[in-house]
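Student: I am new to this structure and would like a close look at a single part, the six-stranded sheet. Could you walk me through that sheet and then show me what else is around?

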Amino acid sequence: MKGTYIPRLLSCPERSFFLFGPRGTGKSTWLKHVLPEALRFDLLDAAMYLELSRDSHRLEAMAGDRPEHSWIILDEIQKVPGLLDEVHRLMEDRHWRFALCGSSARKLRRGGANLLAGRAITLNMEGFSSAELRSSFHLPQAIEWGLLPFVCQDPSHSADILAAYFNTYLKEEIRAEGLVRNVPPFVRFLAIAGQFNGQAVNGHNIAREAAVARATVDTYFAILSDTLLGHFLPAWRPGLKVRESAHPKFYWFDPGVARAAAGMLRDPLDRLWQGTALETLLFHELRVYNEASRKCRPISYYRTAAGVEIDFIVDVARRRTPSPPHVVAIEVKRAERWDRAWEKPLRNLAALAGITVERMIGVYCGNRRYKFDQVDVMPTADFFESLHRGEIF
Ligand SMILES: Nc1ncnc2c1ncn2[C@@H]1O[C@H](COP(=O)(O)OP(=O)(O)O)[C@@H](O)[C@H]1O
Ligand SMILES: [Mg+2]
């Protein structure tokens, strides 16, 4: 697949937008494809950076006599947050459209920018999805190494590519962007956050393991989630009588990057890690679908007081008290054979009063599909296809 452009699921909006996502997820490449006529400014270019950070009015002069509605791409916008004020003015005065691309909104917000007061929508880019890779999607490879474009292009060097990605991106870029002042404790934290991928976040334990203050752990997690390197999966609360409540889980955006963070690129993966990596992948596909379809359904996990879990709960109808929540419940297993005991948490949830479980789905790594009395059991690839066809929610 090296060299050939893989079409992405995101579609280009009609009006100005922000595009955020971790480095290397394909943002710049996508922008060049969907807006081939746009004038493009790359703030990674040192000369460009210097010129525009000294004098943001240069932007208008550099764009010249463009007609109204022309597109202008500002890549790596977080490097010059102050440019947003000028962008805002040019949107009003010249009616140009802007594609504003960067790793995260964190620096932009901190720089005092108002994110254009709602004048631009926000898109998020992730690693490739199964629906984009199609026949080049290989589940075992994705579980082991994830779906970053760099990795998919050259799978035989996945470990080296991920090591380089993790070291340059996370360590240097986070330092360069000034996201943390003191780097060594943050690097210790990253290793622990890697090992805890997919687990309920216990801030005290993580603070102890990383030898940093409890409040610092919260700041660090906020950096990971603002830069879209990781996502919290909240505990689902069925109603007001919440005996069932739990900490959110934290998943890295990509199983390969989680593995790099955990320092396990050279180690064989045990079953437990593979199970979590499959969940990480499934969560990724759910987010990509949510984003591309613009459904934006809340996704959470469910944990009962007895400690029984369901991996993913998708709220499929907007909640209006007093009407009951409608959900799709999904349980994922890294196993070639489906064990019917795994259906129990799904059935127990469906039996609760005041909840409508529209679908119960088991996803596993075997080849056969089953319908066991309301529970759909599907191979992972089938599930991904159904999801992207809009059949799951
Ligand atoms: N749609 C795509 N099809 C094929 N390769 C891609 C695609 N998007 C990204 N890549 C590969 O991944 C690399 C990183 O993508 P890039 O667009 O630079 O990411 P970002 O701008 O998000 O940091 C590119 O150089 C290219 O080799
Ligand atoms: Mg880029």
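Tutor: Happily; here is a walk through that sheet, followed by a few other parts.

This is a predicted model, in which local features need pLDDT of at least 70, side-chain atom pairs count only at pLDDT 80 or more, and totals for chains, interfaces and linings use all residues. Residues are numbered from 1 along each chain as its sequence is written, while chains are lettered from A and ligands numbered from 1 in the order in which they are written.

Let us start with the sheet you asked about. Six strands make an open sheet in the order E9-E10-E11-E12-E14-E13, and their pairing is mixed. Strands here are DSSP runs of E with at least two residues, helices are runs of H or I with at least four residues, and both are numbered from the N terminus. Two strands pair if DSSP finds at least two bridges between them. Strand E9 (299–303) and E13 are the edges; each has a single partner strand, so one side of each is left without a neighbour in the sheet. On average, and with direction ignored, neighbouring strands of this sheet are turned by 30° against each other. Such angles are taken between N-to-C directions and run from 0 to 180 degrees, with axes as lines fitted to C-alpha atoms, for helices over the stretch in contact.

Now follow the pairs. Strand E10 (residues 309–315) runs antiparallel to strand E11 (residues 326–332), and four bridges join them. Here isoleucine 313 is opposite alanine 329 in E11. Strand E12 (residues 356–364) pairs with strand E14 (residues 375–379) in the parallel sense, over five bridges. Valine 363 has methionine 378 in E14 as its bridge partner. On to strand E13 (residues 370–372), which pairs with E14 in the antiparallel sense over three bridges. Tyrosine 370 stands opposite valine 377 in E14. E13 and E14 form a hairpin with two residues between them, and aspartate 373 in the turn has a positive phi of about 45°.

There is another sheet to set beside this one. Five strands form an open sheet in the order E2-E3-E4-E1-E5, with parallel pairing. Strand E2 (39–42) and strand E5 (121–124) are the edge strands, each pairing on one side only. Neighbouring strands of this sheet are turned by 15° against each other on average, direction ignored. Strand E1 (residues 17–20) runs parallel to E5, joined by four bridges, and phenylalanine 18 stands opposite threonine 122 in E5.

Finally, look at the ligand. Ligand 1 is surrounded by 14 residues, the closest being Gly26, Lys27, Ser28, Thr29 and Pro149; a residue is near a molecule if its C-beta atom, placed from the backbone, lies within 6 Å of it. Helix H1 (27–34) and helix H8 (149–153) are the elements that give two or more residues to this shell. Domain 1 (17–124) and domain 2 (130–388) both give residues to the shell, so ligand 1 lies between them. These domain bounds come from an automatic or database domain assignment.
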